Amino acid sequence: MGNRSNEDAVARLMAEMTLAEKIGQLNLLAAGEGLTTGAATDTPLAKRLDAGEVGAIFGTKSLASAQALQERALAGSRLSIPLFFAEDVIHGHRTVFPLPLALAASWDMALIEATAGFAAAEAAAEGLHQVYAPMIDVTRDARWGRMAESPGEDPHLAGAIAAAMTRGLQGTAPAAPGRVAACLKHFVAYGAPLSGRDYDNASLAWEDLLEIYLPPFADGVAAGAASVMAAFNAVNKLPMHAHGPLIEGWLRGRAGFDGLVVSDYTGIRELVAHGLGAPATVVLRALAAGIDMDMVGEDYLIHLPALAEAGLEAPEAGLTLSAERVRALIDRACARVLGFKAGLGLLDDPWRGLTGSPAAPDRAEGRKLARKAAARSAVLLKNDGLLPLSPDTRLALIGPLADDRANMLGTWSVSGRAEDVTPLLEAVGALAGPPPSHAAGCNLVEDDWLIERLNVHGTTVTRDPRSEANMLAEAVAAAKAADVVLVALGEAKEHAGESSSRLCPDLPAPQRRLLDALATTGTPLVVAVFAGRALALGGIEQQCGALLYAWHGGIAGPEGVADLVFGRAEPSGRLPVTLPAAPGQTPLCHAEDPTGRPWTGRFAKFRTGWLDLADDSQPYPFGFGLSYTEVSYGPPRLSATEARPGEQVSLSVTLTNTGARPAIETVQLYLSDPEARITRPARRLVAFRQVELAPGEEREVTFEIGAEMAQYPLAPSLEAAEWVRDPGRILLHVGPNSRDTLSETLTWLA
């Protein structure tokens, strides 16, 4: 974000600021209730603003609130240094789009960029300058609740999403009208907790860190992301809020990031619980590691003044810093905060973005985009010819999510409104001829203690007072009277998200019993699963004629599903995560390292596998998804079977739409390196391309292959890491998903 005029403005301010004023800029507070009416407000936040002790505020809920806070801050700052305003805008602002994991299933970077751009325009119109997005934590463990916010299991796909969302949020510059600063999060490996529990730590090979978890951040930085948020977890025994080798070393050094690094909520003070020292000690460890702003905890504000006067000797933590060094670190962080504000245009105009101009974009246009995104994100897992349905079909709509609004929004929809959601019953009714019959069939979950936990952010799950037997009887009767049953199953919105790890990521038991009962009726079933993670479906595809993984699709999620069910939209979603066959299979992904006793596809003693998993229970692979037509792949063709470094080789494949409906096909290219210095993934995604095919159309898709695609890290330590490439053969796999591919061999000469 830096340029010469911004640097000069920052330098002028820094020369005039007192130590206390510099420390105040490092304090990032929550808006809470904001300022109450009246100039003499005496809340803790007001006192901080009056004393010039706040650098930024997150969580404002209106333009008027932000304006009032900025006015108070400017009056309290001797040098009239403005605040910037931030908020969680994870998958839309007022217009809530499908969950990030769902949007990842679209594999459509133009669509993802468009949703981010619309979210930015809505957020900017309410006085926000920075949003805590995109969340680009690669994750392969369905137990982890924040899978919902993630881009899925693959670093290549995650990196493309990081860049697309950064472009959508920031445009040509975050200071441009209707744009906001992106904040890449959570740095780093937050999606790799040891147990699937949120906030737990990650211990992994440095090679995995460099090849799986760091590349999406590099791609976001390369796209110009203006800020980064640190993760709560420790990586290889060092908590990220104190991880100088990764923040100052890799992020700012190797990746070239020159923006702002913020803590997560109370992340600095939590270093005490991590065991890194007393409060004053962890403050300096965070500051030295490169955490520029302290979110909520106010630990910088409390401890830095004394530390700047006396320094610190903490031999028990291996830390000794002179007062001079502490002041230099404060200066470094303050300059980064001011540089961020300069890049937002706030040092030139403190009211930039707070005037209400440009106005919020047309909400109706946002809804159209949300509906398109929902349809493009849903993944068709099975279809035996049942879909699409004729509007004349006598349809029964059954399930605990059939007439739901609030849960459709998904987790982290902080500014969304349930009343903006069109539930599936209404969405289907608007497209169907005969009005669908309806029955809930069962409760979403059966345990009162779980219902209480799921309602932590407001009531989204209620219990039907009727007995399960009565509810099942009603559902069975409705199913028998229908031509087709559409069954709406899945998770509540707070089943997924922060602090929502699940021991057993599958469909809740009452829903399985409902599906069992409906399957006995003989009426064809279409099952739609609304969820925030990769659920183990446990063979339910054997009970239905069609299976659609719809995720939590936002305000127009059910409408997107209805469009697909009645053929008004074509299924094009592809899984961004592997769906395990059973909950105990997780963590699971397409890019696992091979073993000396590899799995053969069937259980075999003394081979990798699961004793209690039936051979016919297989995961849905990464990249999988069906269409309402058939697309055939011709044999892949290489322009050369041998090449030298620096040369490019083309791989071409001919696609043919052999069906009667149009298709949007996501062609995926994977690479294997069967002979290397260390064990390499069985296959990893290196490129993908989306193409549209009319019925009967044939099209050639070409990928350019370079030697750099076969590079990999050798990392005895982070500092000693090097990227290498070996001569010899690599295998290139092209196809519609990570499993069903055709392969060619390419040999790189020395």
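**Group meeting: a walk through the predicted model**

All 5 of the 5 residues of β5 are buried, so this strand is largely enclosed by the rest of the structure. That's where I'd like to start, and before I go on, please keep in mind that this is a predicted model.

So, who does β5 pair with? Its partner here is strand β6, residues 227–230, and the two run parallel over 3 bridges. If you want a pair to click on, take C183, whose bridge partner in β6 is S227.

β5 also takes us to a pocket. The second largest pocket has a volume of about 1100 Å³. Three elements give two or more residues to its lining: β5 (183–187), α17 (448–454) and α19 (509–519). Which of them gives the largest share? That would be α17, with 4 residues. In total 47 residues line the pocket, and the ones nearest its centre are V456, E494, E498, S499 and S500. For those of you who think in chemistry, the lining splits into 21 nonpolar, 11 polar and 15 charged residues.

Okay, on to another strand, β16, residues 484–490. Here 7 of the 7 residues are buried, so β16 is also largely enclosed by the rest of the structure. You can see it face by face: V484, L486, A488 and G490 are buried on one side, and V485, V487 and L489 are buried on the other. β16 has strand partners too. Strand β14, residues 395–398, joins it in parallel through 4 bridges, with L395 bridging to V484. Then there's β17, residues 525–530, which pairs with β16 over 6 bridges, again in the parallel sense. In that pairing, L489 stands opposite V529.

Now an open sheet. It has 5 strands, in the order β4-β3-β2-β1-β10, and the pairing is parallel. Which strands stand at the edges? They are β4 (130–131) and β10 (294–295); each has a single partner strand, so one side of each is left without a neighbour in the sheet. For β10, the link to β1 (residues 27–30) consists of 2 parallel bridges, and L28 sits opposite M295 there.

Next, helix α6, residues 109–125. It has 17 residues and reaches 24 Å from first C-alpha to last, close to the 24 Å expected at 1.5 Å a residue. Is this helix enclosed or open to the outside? Well, 14 of its 17 residues are buried, so α6 is largely enclosed by the rest of the structure. Both ends have something to look at. At the N-terminal end, D108 acts as a cap, with a side-chain oxygen 3.2 Å from the backbone nitrogen of A110. Just past the helix, G127 takes a positive phi of about 85 degrees.

While we're on positive phi, there are two residues that have it without being glycine. W107, in the loop between α5 and α6, has a phi of about 55 degrees. W107 is buried, at a relative accessible area of 1%. K237 has a phi of about 85 degrees and belongs to the loop between β7 (234–235) and β8 (238–239). Buried or exposed, this one? K237 counts as exposed, at 72% relative accessibility.

If you like backbone oddities, here are two cis peptide bonds. One runs from S357 to P358, with omega near 0 degrees, and P358 is in the loop between α14 and α15 (363–377). Another goes from L387 to P388, also with omega near 0 degrees; P388 is found in the loop between β13 (379–383) and β14.

Two side notes before I sit down. R94 is in the loop between β3 (84–87) and α5 (100–104). It's an arginine, but R94 is buried, with a relative accessible area of 12%. What does its side chain contact? A polar atom of the R94 side chain lies 3.4 Å from the backbone oxygen of S415.

And A328, in helix α14, residues 323–343, counts as partly exposed at 34% relative accessibility. How far is A328 from L99? The two are 229 residues apart in sequence and 42 Å apart in space, C-alpha to C-alpha.

That's my tour, thanks!

How values were computed
Residues are numbered from 1 along each chain as its sequence is written. This is a predicted model: local features need pLDDT of at least 70, side-chain atom pairs count only at pLDDT 80 or more; totals for chains, interfaces and linings use all residues. Side-chain values use heavy atoms; hydrogens and water are left out. On a 1 Å grid over the protein atoms alone, a cavity is a set of points where a 1.4 Å probe fits but cannot get out, and a pocket is an open set with protein on both sides within 12 Å along at least five of seven lines; lining residues have an atom within 4 Å of a point. Grid points are joined across faces, edges and corners, and a volume is the space filled by probe spheres set on the points. Ala, Val, Leu, Ile, Met, Phe, Trp, Tyr, Cys and Pro count as nonpolar, Asp, Glu, Lys and Arg as charged, and the others, Gly among them, as polar. The expected span of a helix is 1.5 Å times one less than its number of residues. Buried means under 20% relative accessible area, exposed over 50%, partly exposed in between (1.4 Å probe, protein chains only). A polar contact is a pair of N or O atoms within 3.5 Å; within protein, one must be able to donate a hydrogen and the other to accept it, and residues adjacent in sequence count only if both atoms are side-chain atoms. Two strands pair if DSSP finds at least two bridges between them.
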